[in-house]
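Visitor: I have a pile of "why is it called that?" questions. Could you take me through them one by one?
Guide: Sure, let's get the structure up and start.

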There are 2 protein chains.
Amino acid sequence: MAEPGGRRRAGDDGRAGGGRRRPGLDGEQVVGAALRIADADGLAAVTVARVAADLGVRAPSLYNHVDGLDGLVRGIALRALGDLEAALSRASVGRSGSAAVRAAADAYRAYALAHPGAYAATQQARPDADPELQAAAQRTTEVLLAVLRDWRLEGDELIHAARAVRSALHGFVVLEADAGFGLPVDRDASFAWLVTMLIGGLDATRDR
Amino acid sequence: MAEPGGRRRAGDDGRAGGGRRRPGLDGEQVVGAALRIADADGLAAVTVARVAADLGVRAPSLYNHVDGLDGLVRGIALRALGDLEAALSRASVGRSGSAAVRAAADAYRAYALAHPGAYAATQQARPDADPELQAAAQRTTEVLLAVLRDWRLEGDELIHAARAVRSALHGFVVLEADAGFGLPVDRDASFAWLVTMLIGGLDATRDR
DNA sequence: CATCTGAACTAATGGTCGTAGTTTAATTCC
DNA sequence: GGAATTAAACTACGACCATTAGTTCAGATG
């Protein structure tokens, strides 16, 4: 088997009549396959070989669409940040004050639980010298800043508060994903408590 | 070069007069070398080959002392958790209330900043079916529980509070280590703000 | 139909972890 | 002191992995 030069059909389901010159793979599909693997089997299961196999293609072929393994996790992270931003926006629109914080926090955790591999990719991808990744992270952060509007914080204090909220949410979902909470105590209740504490802390800074 | 069977002296500096049967390596030294590499060049730089090279030994030799790469990061995590617990205890002893929380939080962050690779190992090591690792994590958690004593929380509420504090601290130091804070705002001040928020949140639950 | 672009291929390199089997040094026992 | 035992380090391999170089051919363009 494996005739030399044997051409495989690798993307002939739908969208074959577009303006593209060839019906094969593209970067979107490759990153999509990697994202599915990451969420199903963990980010560590995302290898060039595995993604290629899932797409019915040899490993080197992926380099035509994606910049190696780093490009793969970068692509996952980019998509994850976009989806997370959208989820946060959806949850917080039309709400204000503590209700907005609560809704955004729940959406944040829900995304991380539903897409553990994608969320992990946002940690692993290095934003140094990657403006696109930085911008995506910035957009996500700005949703959190907007959620804090009612506390009327200004300048650095707003940044401090946003960092605090993000740290708390990030820490919780990471510990939860890594099975870091040993005791058999309801995690939903712990998360609600965390959010209540954050809101209490924000209120405390207001009437200080 | 590299005569077959050439014996290397690999641990003849100091402590050669102990009761050990052989002056070669032992698990402590191997994990110690791995820990140094992790803190200096990142946890990803910890490979069996690299640790062996640093010890002046061939890679397979390490398997006499440590259970492969997983054993290496497990060993690092174990030592990190012990050191972290000690640092937290040292910082919080003799203090109470918000002063104790502040001191413990500062010690937590200081450890993570001083030992980024070791701290990362505590995330990567999987505690499933590893009672020793679970116990070490539990001991660290108990210091945090003790720090919260003055808030007189009971039962699940104490667990919720401890998880919240740990999540916040963990999230902050992870984001800080991954260069996750984009904007040029003083990180020390942000951390102090986070701790103030946590204390405010704890107080809010007391007079609720 | 001829040309050309580029997507996928084969082949090869160098890195990783881990195992099997061997050699030999150090210790212990007689 | 010499023999037996223990175990630490070795060489040699195998199975992956990512990545690069060079080749082939399918499909679109003129």
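Visitor: Why is Asp128(B) called partly exposed?
Guide: First, keep in mind that this is a predicted model. Asp128(B) has a relative accessible area of 40%. Buried means under 20% and exposed means over 50%, so Asp128(B) lands in between and counts as partly exposed.

Visitor: And what makes Arg126(B) and Asp128(B) a salt bridge?
Guide: Their side chains meet with N and O 2.7 Å apart. The limit is 4 Å between a side-chain nitrogen of Lys or Arg and a carboxyl oxygen of Asp or Glu, so the pair qualifies. Arg126(B) is partly exposed too, at 48%. Over all chains, the rule gives 20 salt bridges.

Visitor: Let's hop to chain A. How do you know that Arg109(A) and Asp188(A) form a salt bridge?
Guide: Their closest N and O atoms are 2.9 Å apart, and the cut-off is 4 Å. Arg109(A) sits in helix 4 and Asp188(A) in helix 8, so the bridge ties together parts that are 79 residues apart in sequence.

Visitor: Is Arg109(A) buried or exposed?
Guide: Buried: its relative accessibility is 9%, and buried means under 20%. Its partner Asp188(A), at 47%, is partly exposed.

Visitor: What about Asp188(B) and Arg109(B), what makes them a salt bridge?
Guide: The N to O distance there is 2.9 Å, and up to 4 Å is allowed. Asp188(B) belongs to helix 8 of chain B and Arg109(B) to helix 4 of chain B, 79 residues apart. With 10% relative accessible area, Arg109(B) is buried, while Asp188(B) is partly exposed at 48%.

Visitor: Where does Arg187(A) lie, and why is it called partly exposed?
Guide: Arg187(A) is in helix 8 of chain A. Its relative accessible area is 41%; that falls between the 20% and 50% marks, so partly exposed it is.

Visitor: How do you know that Arg187(A) makes a polar contact with Glu176(A)?
Guide: The two side chains come to 2.8 Å, and the rule asks for N or O atoms within 3.5 Å. Setting aside neighbours within four places in sequence, Arg187(A) also has contacts that include Phe181(A) and, over in the other chain, Arg163(B).

Visitor: Which residues touch the most other members of the largest nonpolar core?
Guide: That core has 135 residues, and Val46(A), Leu62(A) and Ile76(B) are among those touching the most other members. Beyond its neighbours within four places in sequence, Val46(A) is in contact with residues including Ala34(A), Leu69(A) and Ile76(A).

Visitor: How many residues of chain A are in contact with chain B?
Guide: There are 41, and they meet 41 residues of chain B. The buried area is about 3,500 Å², with 67% of it from carbon and sulfur atoms. Arg163(A), Trp193(A) and Met197(A) supply 23% of what chain A buries against chain B, more than any other three residues.

Visitor: How many salt bridges does the rule find across that interface?
Guide: It finds 0. There are, however, 8 residue pairs in polar contact across the interface. Helix 7 of chain A gives the most to the side that touches chain B, with 16 residues.

Technical notes: Residues are numbered from 1 along each chain as its sequence is written. Chains are lettered from A and ligands numbered from 1 in the order in which they are written. This is a predicted model: local features need pLDDT of at least 70, side-chain atom pairs count only at pLDDT 80 or more; totals for chains, interfaces and linings use all residues. Side-chain values use heavy atoms; hydrogens and water are left out. A nonpolar core is a set of buried Ala, Val, Leu, Ile, Met, Phe, Trp, Tyr and Cys residues joined through side-chain atoms within 4.5 Å. Buried means under 20% relative accessible area, exposed over 50%, partly exposed in between (1.4 Å probe, protein chains only). Contact means heavy atoms within 4.5 Å. Buried area is the accessible area (1.4 Å probe) that two parts lose on being put together, summed over both. A polar contact is a pair of N or O atoms within 3.5 Å; within protein, one must be able to donate a hydrogen and the other to accept it, and residues adjacent in sequence count only if both atoms are side-chain atoms. Helices (H or I, at least four residues) and strands (E, at least two) are DSSP runs, numbered from the N terminus.
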